[in-house]
Amino acid sequence: MVFSSLEFLFLFLPLFLLIYYVLPLRGKNVFLFFGSLVFYGFGISWNIYYLGLIIASVFFNFLAAEAIESCKRKRRIKNGEETAGKTGFGEKVILILGLCYNFGLLLFFKYAGFFVENIVLPIGISFYTFQITSYLIDVYKRKIRAEQDMMRLGAYLTMFPQLIAGPIVTYSEVRGQLRRRKITFMGCNHGLQIFTLGLGFKVLLANQLGNLWEDIQTIGYESISTPLAWLGILAFSLQIYFDFYGYSLMAVGLGKLLGFGIPDNFRQPYMALSMTEFWRRWHITLGRWFREYVYIPLGGNRKGKARQIFNMFVVWFLTGLWHGANWNFIFWGLFLFTVLCVEKAGLLKILERWKVFGRLYMCFLIPVSWTLFAITDFTQLKIYLSKLFPVLTQGSQAVVFAGDFEKYVEMYGIGLVIGLVCCTGLVEKIFIRWRHKFWMSLLLLSIFGASVYCMYRGLNDPFLYYRF
C-alpha cells in the first residue's frame, strides 16, 4: 500500500483516523503500532516472514536497550556515581550484538543479491534498520533512556507515515510526543495541506515526468540523439526529486494528523551552488545519520586532512552501498566522494563566491550524477554516457528517427518547465505565505482531485525509493 493509492486515501486512512482520534493516549500508541503493521502487511503482500522481521526488530532492540540500561545501573550501584558517565564491557558487548543483529539482517536481504539471485528485499528494511540502530546507539551513549514500554517503541519504529521510505527519525525527536501529544483542528488542517501538496508533486509531476524516462528506455539508449539524452536525464532528475520530496511531504503531513512532528527531508537541493551544499539539502535525515553514527565516531575532521578524507570515503562508500546491491551505486557514491574532495580542496570557495558559475556547475553535475545512479547496467551506462558526451567518447549519433528531441519537447515540455519552476522553492513560499487563504484551499482541493483522477485512470507508479 502506498500513500498515492485509492485504497490508502479512501479506505485505510479514514478508518485508521476514525478509531485513532477517539482513543486515549495509551490506546493511540498501541493502535498506531498495530495499525502500522497492517499498513506494512499490505505493502509486503502479507509475507509473514517479513512481518515477523520488523516485529522481532522491535522486540530484540527493546530487550537490548533494557540490558544496556541494566548494566549501567548495576555498575553505578557497585562502583558509585563516578562511573555513571562511562560505559562498561557488558554494555559494549550488548551493543555489538545488537548491531550485528540489525545490520546482519540488512546485509543478508539487501546485499546477498550480489551473489545469490531471487532474494526479495523487504520493503523499508534500510530505513527502519537505521532508525532502530540509532535508538540503540543513543541509549548506549546515554543520550536517551531506554524505553520501558514496548508499545511506545513499536509505535516509534513502525509509524506508517515514515516506515517505508523515511524520513529517518531519531527516538529523541519523538520521545516526548509518544508520551504526550496534542491533536488540534489547525494542526490537522495544516497536515492535510502538506499531504496534498506532496501528493500533487508525486502524482502530477514525478509520475508524468517519469514517463519521458520510460519512453527513452523503451527506445533504447543507442537509438537516441544527444539532445534527447540530456532531456531524458533532466526528466529523471526531476522525477526522483518530486517522487521522494512528495513522499517526504506526505509523511510530514500524516505525522501532523497523528500529532507528531516529523523532520523535513529536503530544502530545495536543486538550488544548491555546490555538491557539498546539495547533500546538506537532499535526504537530510540520511545525511544526518551518516554524520552522527559514522563520520563523527570515525573522527570527523578532528584528526587531520588525511583522516578526514578517509572518513569521507567510508561515508560515501556506505552511502552508495546503502542504496542497493548494484555496483553502479558504489560507483555513484565514490564519484560523489571525489567531487566533494575537489570542492574541499578549493573549488568550494570559488563556487560560493561566483554564484553564476556555481549555478552552471550544478546544472551540469546534478544530471550527470543521477545518470550514474539511474542506470544499473554498466554496458548501458557507457552507451548513455556516450550519448551525453559524444565528442569525448566518440559515441554514435545514429537515431531511430530524425527530430526525436523536438517530438519529446512537444510532448513533455510544459511538464518539464513546471518541474523546473517548482524545484526552485517558489511553490513552498507561496504555500507558506497564503496557506490560510480560501483560494489556497480551493487550489489544494483541485490538486487533490486531479491526483485522484490520475490514480483512478491508473496513471500512478510506486515510489522510487521503495526499492532502497
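**Exercise 1. Which residues does threonine 133 touch, not counting residues up to four places away in sequence?**

Solution. Before we start, keep in mind that this is a predicted model.

Step 1: find the residue. Threonine 133 belongs to helix H5.

Step 2: list its partners. Leaving out residues up to four places away in sequence, threonine 133 touches Leu99, Asn102, Phe103 and Trp289.

Step 3: check its accessibility. The relative accessible area of threonine 133 is 0%, so this residue is buried.

**Exercise 2. Work out how helix H5 sits in the structure, and whether its length agrees with the expected span.**

Solution. Step 1: take the length. Helix H5 covers residues 125-140, and at 1.5 Å a residue its 16 residues should span 22 Å. The C-alpha atoms at its ends are 22 Å apart, which agrees.

Step 2: look at the surroundings. Of the 16 residues of H5, 16 are buried, so the helix is largely enclosed by the rest of the structure.

Step 3: look just past the helix. There, arginine 142 adopts a positive phi of about 70 degrees.

**Exercise 3. Describe the largest nonpolar core and one of its well-connected residues.**

Solution. Step 1: get the size. The largest nonpolar core has 147 residues.

Step 2: name the residues with the most contacts inside the core. They are Phe8, Tyr135, Phe160, Tyr270, Phe278, Trp370 and Tyr384.

Step 3: ask which element contributes. H10 supplies the largest share of this core, 20 residues.

Step 4: pick tyrosine 135 and follow its contacts. Setting aside residues up to four places away in sequence, tyrosine 135 touches Asn61, Ala65, Ile144, Ala146, Glu147, Leu153, Tyr156 and Tyr171.

**Exercise 4. Classify the pair formed by phenylalanine 201 and tyrosine 245, and say what it ties together.**

Solution. Step 1: set the scene. The whole structure contains 65 aromatic pairs.

Step 2: apply the geometry. The rings of phenylalanine 201 and tyrosine 245 are 5.5 Å apart centre to centre, with 25 degrees between the planes. Planes under 30 degrees apart count as stacked, so this pair is stacked.

Step 3: place the partners. Phenylalanine 201 is in helix H9 (residues 185-219) and tyrosine 245 in helix H10 (residues 226-258), so the pair ties together parts that are 44 residues apart in sequence.

Step 4: check accessibility. Phenylalanine 201 is buried at 4% relative accessible area, and tyrosine 245 is buried at 6%.

For another ring, turn to tyrosine 20: lysine 28 lies over its face, at 5.5 Å from the ring centre.

**Exercise 5. Locate isoleucine 418 and glycine 413, and find how far each lies from a leucine distant in sequence.**

Solution. Step 1: isoleucine 418 lies in helix H18 (residues 404-422), and glycine 413 is in helix H18 too.

Step 2: isoleucine 418 is partly exposed at 40% relative accessibility, whereas glycine 413 is buried at 18%.

Step 3: the C-alpha atoms of isoleucine 418 and leucine 205 are separated by 8.2 Å, although the residues are 213 apart along the chain. For glycine 413 and leucine 209, 204 residues apart along the chain, the C-alpha separation is 9.7 Å.

**Exercise 6. How many disulfides does the structure hold?**

Solution. Step 1: the structure holds zero disulfides.

Step 2: try cysteine 71. Its nearest cysteine sulfur, in cysteine 100, is 17 Å away. Cysteine 71 is partly exposed, with a relative accessible area of 23%.

Step 3: try cysteine 422. The closest cysteine sulfur, that of cysteine 423, is 7.9 Å from the sulfur of cysteine 422, too far for a bond. Cysteine 422 is buried at 10% relative accessibility.

How values were computed: Residues are numbered from 1 along each chain as its sequence is written. This is a predicted model: local features need pLDDT of at least 70, side-chain atom pairs count only at pLDDT 80 or more; totals for chains, interfaces and linings use all residues. Side-chain values use heavy atoms; hydrogens and water are left out. Rings of Phe, Tyr and Trp (its six-membered ring) pair if their centres lie within 6.5 Å; planes under 30 degrees apart count as stacked, over 60 as edge-to-face and the rest as tilted. Helices (H or I, at least four residues) and strands (E, at least two) are DSSP runs, numbered from the N terminus. Buried means under 20% relative accessible area, exposed over 50%, partly exposed in between (1.4 Å probe, protein chains only). A charge sits over a ring if NZ of Lys or CZ of Arg is within 6 Å of the ring centre and within 35 degrees of the ring normal. The expected span of a helix is 1.5 Å times one less than its number of residues. A disulfide is a pair of cysteine sulfur atoms within 2.5 Å. A nonpolar core is a set of buried Ala, Val, Leu, Ile, Met, Phe, Trp, Tyr and Cys residues joined through side-chain atoms within 4.5 Å. Contact means heavy atoms within 4.5 Å.
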